[in-house]
Amino acid sequence: MKSLKKEPVVRVKTIDDIMGMAHGYQRSMALFAALDLGVFSALAKGPADAARLARDLSADPRRLSILLNALVGVGLLGKQGNTYRNGELAGRFLADGPHSKASILLHHLDCWPEWTSLAGRIRTGRRAPGKGKGYQENFIRGMEDNSRERAVSVATQNPLRDGERVLDLGGGPGTYAVEWAKRYPGAHVTVFDLPETLAVTRKILKEKGASRLVALREGDFLRDRLGGPYDFVWISQILHAFSEKECLFLLRKVRRAIAPGGRAAVQEFLLERGGTFPPGPAFFSVHMVAVTEGGKAYTSGEIAAIFRSAGFRRVKRGRPDIRGVGVVWAFV
Ligand SMILES: C[S@@+](CC[C@H](N)C(=O)[O-])C[C@H]1O[C@@H](n2cnc3c(N)ncnc32)[C@H](O)[C@@H]1O
């Protein structure tokens, strides 16, 4: 995995940088609108002019052409005469296909209303309006978009032994569970998650032809039994949604579900330098303020301390990758 030191850090140095930061939402919204309309997937079928695209996407041609021109300006689309086509990045990551990041980007659009009331949230903790239709589907498919490549390297670098009982806690789309189960067929892998999530997981597993590879267990991990005993519990991108008190409660429960000699691993966006670095996890932490009651990004030191308080004996911290994602291991 690449070293964190190579991450390009964009710093605000001038008033123009501040203005750029302030206008950033306009670019985000232009991108989200194009995704929501289906522009990139439509152009993946072939170049088209605004009138033809507007017909295919049920949009107004004049307004659509203004949006398309802005996307040409930032290089996402190309334009020759009146005809638009996907740029290389748009074709690969924004149109439907095996590398698409559309679900995770649409999930960010779903979080938009909560960000618009961030100041009120920080002042009083007041919650923003409820989640719209399709929220859970974009969220869970977005988790798959995020972890597709990483799950392959995690499963390859962390082999399972025959007969091992593995729990992917809050496993969402089951991306990690499936990569482990494919490589180590002698292991028994279970995904534990909420019923509304597992409804999406079942669809994803079916699409991948992986329905028989992993078991699914429905439940709320704060209220319900986790099952077990397990030899290995994988807890990826879960703790950031919860307060330290809730994390301790959950890891104590995990500890009780682990067999003698077993292990657990927490994967998270990890903060350093008193929570100020790297910028990706630091802004992700603000995202958690906007969308959860008590969540935040943690440092690996904070996670190690919670593991120890939960009764784990030995803790090992891995190095974060270029996006700041790292794993903290704990052994019983
Ligand atoms: C950010 S996603 C992470 C998904 C997956 N572990 C990954 O790394 O790709 C968080 C997951 O935790 C699940 N989750 C949140 N609260 C939960 C609860 N109380 N009980 C069970 N699952 C929960 C969500 O449904 C979602 O699948």
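Which of the 16 residues around the ligand come nearest? In this predicted model, they are Gly 170, Gly 172, Thr 197, Ser 236 and Gln 237. Sorted by class, the shell around the ligand consists of 8 polar, 6 nonpolar and 2 charged residues. The element that gives the most to this shell is helix 8, spanning residues 135-157, with 3 residues.

From the ligand, the view can widen to the chain as a whole. The protein chain holds 13 helices and 11 strands. Its C-alpha trace spans about 70 × 45 × 40 Å along the principal axes. A compact globule of 332 residues would have a radius of gyration near 20 Å, and the 22 Å of the protein chain agrees with this. Of the 332 residues, 34% are buried. Contacts across the sequence can be described as well: among those between residues at least 6 apart in sequence, 65% join residues at least 24 apart.

One sheet can be followed strand by strand. This open sheet has 3 strands in the order 1-3-2, with antiparallel pairing. Its edge strands, each pairing on one side only, are strand 1 (48-49) and strand 2 (77-80). Helix 4, made of residues 61-73, packs on the sheet and touches strand 2 and strand 3. The direction of helix 4 makes about 110 degrees with that of strand 2. Strand 1 and strand 3 (residues 83-86) run antiparallel and are joined by 2 bridges. Within this pair, Asp 49 lies opposite Thr 83 of strand 3. In general, the strands of a sheet pair through backbone hydrogen bonds, in either a parallel or an antiparallel manner.

Later in the chain comes strand 11, residues 325-331. Why is strand 11 largely enclosed by the rest of the structure? A residue counts as buried if 20 or more other C-beta atoms lie within 10 Å of its own. By that criterion 5 of the 7 residues of strand 11 are buried, so the strand is largely enclosed.

Strand 11 has pairing partners that can be traced in turn. Strand 8, residues 258-271, runs antiparallel to strand 11 and is joined to it by 7 bridges. Here Val 266 stands opposite Val 328 of strand 11. Strand 10, residues 314-317, also pairs with strand 11 in the antiparallel sense, over 4 bridges. In that pairing, Lys 316 has Trp 329 of strand 11 as its bridge partner.

Conventions. Residues numbered from 1 in each chain as written. Predicted model: local features only at pLDDT ≥ 70, side-chain atom pairs only at ≥ 80, totals over all residues. Near = placed C-beta within 6 Å. Nonpolar A, V, L, I, M, F, W, Y, C, P; charged D, E, K, R; others polar. Pairing = 2+ DSSP bridges. Contact = placed C-beta atoms within 7 Å. Axes fitted to C-alpha atoms, helices over the stretch in contact; angles between N-to-C directions. Buried ≥ 20, exposed ≤ 12 C-beta atoms within 10 Å, placed from the backbone. Rg over C-alpha atoms; globule rule 2.2 N^0.38 Å.
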